[in-house]
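I have a fresh page open and a structure to look through. Here are my notes, in the order I went.

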Amino acid sequence: MQKKASTVVVLGTGGTIAGTASDAGDNVGYTAAQLGVAQLVRAVPALKDASLEVEQVAQVDSKDMSHAVWRRLALRCAHHLSRDDVIGIVVTHGTDTLEETAWFLQRVLAPAKPVVITGAMRPATALQSDGPQNLLDAVAVAQAPGARGVVAVFSGQVHGARDVRKVHPYRVDAFSSGDAGLIACVEEGELRVFRPWPEGEALGVDKLPEDEARWPHVEIVVSHAGASGAVVRALCTIGVKGLVVGSTGNGTLHRDLEAALLEAVAQGVKVLRSTRTRDGRILPTARGALPASDDLPPAKARVELMLRML
Ligand code: SIN
C-alpha cells in the first residue's frame, strides 16, 4: 500500500525572515538574507516533530530577485512536487517581490499540491519577529487537505498568487488580496477556507531559459501627468521586446506616451496595459488599441508578458 504523503519541503530564498539587526529594537536598519532556512525552522519549537526537509535555494534580498533564481526555484519546486512522499512546499522569501514570485510560480507550475510562500516584515532578531508564526502557518497550509496552487501566507491570511499584493511598507499585515478577498485564514493551525484554491495551466519549467540573456527583455513604464514618449523610444533603441504600461484609471494613457507605444508596437514590441490603481481591473472599452492585463498589476503583468513570450 502506498504511504500517505506527509513531507513538507521548506525552500529558503532569503528576505527579512532571514534578516538580522545588531539592535533588537531596530525594525528597519537590518540586513536581509543572513540566516539559513534550517535555522529558521529550528527557531519554531512547534515544528520539531513535523516531517520537514529544508533546502537553501538562494540567499537574496528579494529586491534583487533575478530570473536565474526564479528558474532555480521553479526547478526545485517541480522536483519536490513530483515526489509521492511530498504533500506540499513552503518557500521563505522577502516580501518586496513576493507577489511577483508567487505569480511566476503559479504560471510556470500551476501545482496540484500547495506551494506556500511566506516571509516576515520584521527580522529574525526583532523584539516581535513575525517570521516564526508565519512559517508555522505556512507549514499548516502546506499540510492541509485540499490545498493546492501557489498561495502566500502572512499574518494568518492565505492569499492567492494572482491577487496577493504588498500594500504596506512597514505594517506586519502588509498584504492584501484586494477585491478578490482571502482564500482562507489560519487559526491555531486550522484553516477556514472561503473560496477555491488557485488553478490554471502550467507553462512548464522546460520553457525557462537557462541563459539569463534569453529571457525576453520586458520593462515597465508608467503613464502620469506630463508623461512623454521618451522612455519608450529609448527602450526601443536598445531592443526591448516587451513593455508593460502602468496606465491611469481604466487603462487610459497620456496621449504622448500612447503615441510612442503605438510606434513600438509597429516595430514588433509587445505592449500590455495594466492599471496603476491599487485594486480592480481594466474593463474593456471601445477605445484602447493596446491589450490589457485584466487585474494583474504592473509587476505581475511584466511576468505574464515575459512568460507569454517564451
Ligand atoms: C526582501 O524583500 O528581501 C526584504 C524585505 C522583506 O522581506 O520584508
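**Ligand, polar contacts.** A reminder to myself before I start: this is a predicted model. I began at the ligand and found one of its oxygen atoms 3.4 Å from a polar backbone atom of Ala 120. I then asked how much of the ligand's own accessible area the protein covers. I get 95% of 250 Å².

Two side chains also came up. In Ser 62, a side-chain N or O atom sits 2.6 Å from an oxygen atom of the ligand. For Thr 16, I noted 2.9 Å between a polar side-chain atom and a ligand oxygen.

**Ligand, surroundings.** I listed the residues around the ligand: Gly 15, Thr 16, Tyr 30, Asp 61, Ser 62, Gly 94, Thr 95, Asp 96 and Ala 120.

**Thr 97.** Next I looked up Thr 97, in the loop between strand 3 and helix 3. Is Thr 97 buried or exposed? Its relative accessibility is 11%, and the limit for buried is under 20%, so I entered Thr 97 as buried. Setting aside neighbours within four places in sequence, I see Thr 97 in contact with Ser 62, Lys 63 and Met 65. Ser 62 is a name I already had, from the list around the ligand.

**Domains.** I wrote down two domains, domain 1 (7-193) and domain 2 (216-308). Their contact takes 17 residues from domain 1 and 17 residues from domain 2. Between their C-alpha centres I have 30 Å.

**Largest nonpolar core.** This core has 44 residues, and those touching the most other members are Cys 77, Ile 89, Phe 104, Leu 105, Val 108, Val 115 and Leu 208. Which elements give two or more residues to it? I found strand 1 (7-14), strand 2 (52-60), helix 2 (67-81), strand 3 (86-92), helix 3 (98-109), strand 4 (114-118), strand 5 (149-154) and helix 7 (298-308). Helix 3 gives the most, with seven residues.

Where does this core lie with respect to the domains? Both domain 1 and domain 2 give residues to this core, so I placed it between them.

**Leu 208.** I picked Leu 208 from that core for a closer look. Not counting residues up to four places away in sequence, Leu 208 touches Arg 71, Ala 74, Phe 104, Val 108, Leu 203, Trp 215, Leu 307 and Leu 310. Two of these partners, Phe 104 and Val 108, are themselves among the core residues that touch the most other members.

**Another core.** Apart from the largest core I noted another, of 28 residues, including Leu 35, Val 41, Leu 47 and Ala 147.

Technical notes. Residues numbered from 1 in each chain as written. Predicted model: local features only at pLDDT ≥ 70, side-chain atom pairs only at ≥ 80, totals over all residues. Heavy atoms only, no water. Core = buried A, V, L, I, M, F, W, Y, C linked by side-chain atoms within 4.5 Å. Buried < 20%, exposed > 50% of the residue type's maximum accessible area, 1.4 Å probe, protein only. Helix = DSSP H or I, 4+ residues; strand = E, 2+ residues; numbered from the N terminus. Domains from an automatic or database assignment. Contact = heavy atoms within 4.5 Å. Near = heavy atom within 4 Å. Polar contact = N/O pair within 3.5 Å; in protein donor to acceptor, adjacent residues only side chain to side chain. Areas by Shrake-Rupley, 256 points an atom, 1.4 Å probe, with all protein chains shown as cover.
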